[in-house]
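Thanks for coming, everyone. Please bring up the structure, and I'll walk you through it.

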Amino acid sequence: GNPLLYTCGGDGVMNILDPLNPQKPAIKLNELLLELNPDLEPEFSKARGTPKKSELRFSTDFSLFAVGSTTGKIFVFSSHTFLMKTTFHEHNKLVNRIRWSTHDSNLNSFASCSGDGKVILYDVKNIDQDNKGVTRVFQKHGSSAVLDIAWSPFRCQTLMSCSDDKRVQIWNAETSESLFTLSGHVNSVFTCCWHPTEENVVITGSSDQTVRFWMLGSPDSNENVQISQTPETPETPETLEIPETPETPETPETPETPLEIPEIPQNLQTPPLIPQISQIETLQILHSQTLKNIQQSGHATEPLTIEEKMEVLQIVGLLQKK
């Protein structure tokens with residue numbers, strides 16, 4: 001069949017949803033459990049003011065599921081028949097977490113933590129024989145609320161807990177002995193987990209806005225090392241100074257060689273007609289003006305004198321060089 005999603009909330013209602021058919025109406029788990037377990041009416045009847053449900057967790061083999069409440073009670077049901085197996089009354093405050101063991105040798109064991117500062121281990125293997133199931137109580141966080149717990153995926157008897165007291169405890173679940181105490185956070189530690197591939201590395205998160213990685217040492221020496229943490233404020237990277245590119249020295253301009261213009265008789269010099277005209281244009285103007293003057297002087301119908309011929313030849317020669 002399709003996978004189903006079980007939910008619980010602060011309104012005390014528990015639902016079963018079909019994630020593949022979100023439009024399908026939810027199954028009211030409260031009503032189903034009440035129908036099969038009438039004695040649960042004070043805890044699951046909406047008419048009686050249903051206590052808030054804080055946690056719902058299935059066992060690793062999906063044969064059982066446990067429900068925690070704000071009153072501290074934990075109810076264990078069969079996943080196949082929805083009949084209640086037992087009720088635990090060990091906590092007296094909100095149940096924050098329920099975690100079933102993932103190891104084959106402890107599949108019927110789970111741990112819980114609460115606002116009363118306790119971590120409790122249960123064994124429901126022989127629950128049908130009226131075995132109360134409580135096997136261990138871990139209490140080294142004082143009266144501070146225990147906010148999260150996690151089983152080691154590498155060691156079946158190793159359990160971790162974190163608390164409002166800013167500390168993390170690593171427990172031997174078989175003997176109730178505290179193996180390590182991790183101190184370093186400056187505010188409540190809300191979550192903890194084991195590294196998926198490094199058996200001696202654990203990760204914690206706190207309301208001090210840091211996530212920290214811890215390397216566990218030897219249980220005999222109780223040594224541990226904080227190997228990494230997220231900075232509270234990112235460091236501002238240093239500004240890279242780029243050296244200034246030296247200016248390329250300017251190449252001195254090569255002075256132009258002035259054009260030598262032969263002296264022109266006073267009567268042939270004329271002011272420039274156009275501002276800033278070139279020397280070639282000046283020579284052309286002078287040549288035209290010379291011819292004009294010669295014509296105006298009455299020599300146009302007579303042969304030019306030697307001086308006039310020399311002046312014309314000098315101007316023409318300069319023009320040809322340009």
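Let's start with burial. The chain has 322 residues, and 37% of them count as buried. Keep in mind that this is a predicted model.

Now the surface. The chain exposes about 20000 Å². Carbon and sulfur atoms supply 51% of that area.

Next, secondary structure. I count 4 helices and 19 strands in the chain. As for contacts, take those between residues at least 6 apart in sequence: 40% of them join residues at least 24 apart.

How far can we trust the model? The mean pLDDT of the chain is 78. Residues at 70 or more make up 64% of the chain. Two stretches deserve a flag. Over residues 233-240, the pLDDT is below 50. That stretch has 0 contacts in the model beyond near neighbours in sequence. Residues 268-278 also have a pLDDT below 50. Here, though, the model shows 12 contacts beyond near neighbours in sequence. A word of caution: where pLDDT is low, predicted coordinates should not be read in detail.

On to the sheet I want you to look at. It is an open sheet of 4 strands, in the order E12-E13-E14-E15. The pairing is antiparallel. Which strands sit at its edges? They are E12, residues 146-151, and E15, and each pairs on one side only. From one strand to the next, the twist averages 20°.

Zoom in on E12 and E13. They run antiparallel, joined by 5 bridges. Look for valine 146: its bridge partner in E13 is serine 163.

Now the inside. As a general point, nonpolar side chains in soluble globular proteins tend to be buried together. In this chain, the largest nonpolar core has 14 residues. Those with the most contacts inside it are Met160, Val168, Ile170, Leu182, Trp194, Val202 and Leu216. Which strands supply at least two residues each? Strands E13 (158-163), E14 (167-172), E15 (177-183), E16 (189-194) and E18 (211-216) do.

Pick out valine 168 there. What does it touch, leaving aside neighbours within four places in sequence? Valine 168 is in contact with Met160, Ser161 and Cys162. Its contacts also include Phe180, Thr181 and Leu182. Val189 and Thr204 complete the list.

Apart from that core lies another one, of 13 residues. Among them are Met14, Leu34, Leu40 and Phe75.

That's the tour. Over to you for discussion.

Terms used
Residues numbered from 1 in each chain as written. Predicted model: local features only at pLDDT ≥ 70, side-chain atom pairs only at ≥ 80, totals over all residues. Heavy atoms only, no water. Core = buried A, V, L, I, M, F, W, Y, C linked by side-chain atoms within 4.5 Å. Buried < 20%, exposed > 50% of the residue type's maximum accessible area, 1.4 Å probe, protein only. Contact = heavy atoms within 4.5 Å. pLDDT = per-residue confidence, 0-100. Areas by Shrake-Rupley, 256 points an atom, 1.4 Å probe, with all protein chains shown as cover. Pairing = 2+ DSSP bridges. Axes fitted to C-alpha atoms, helices over the stretch in contact; angles between N-to-C directions.
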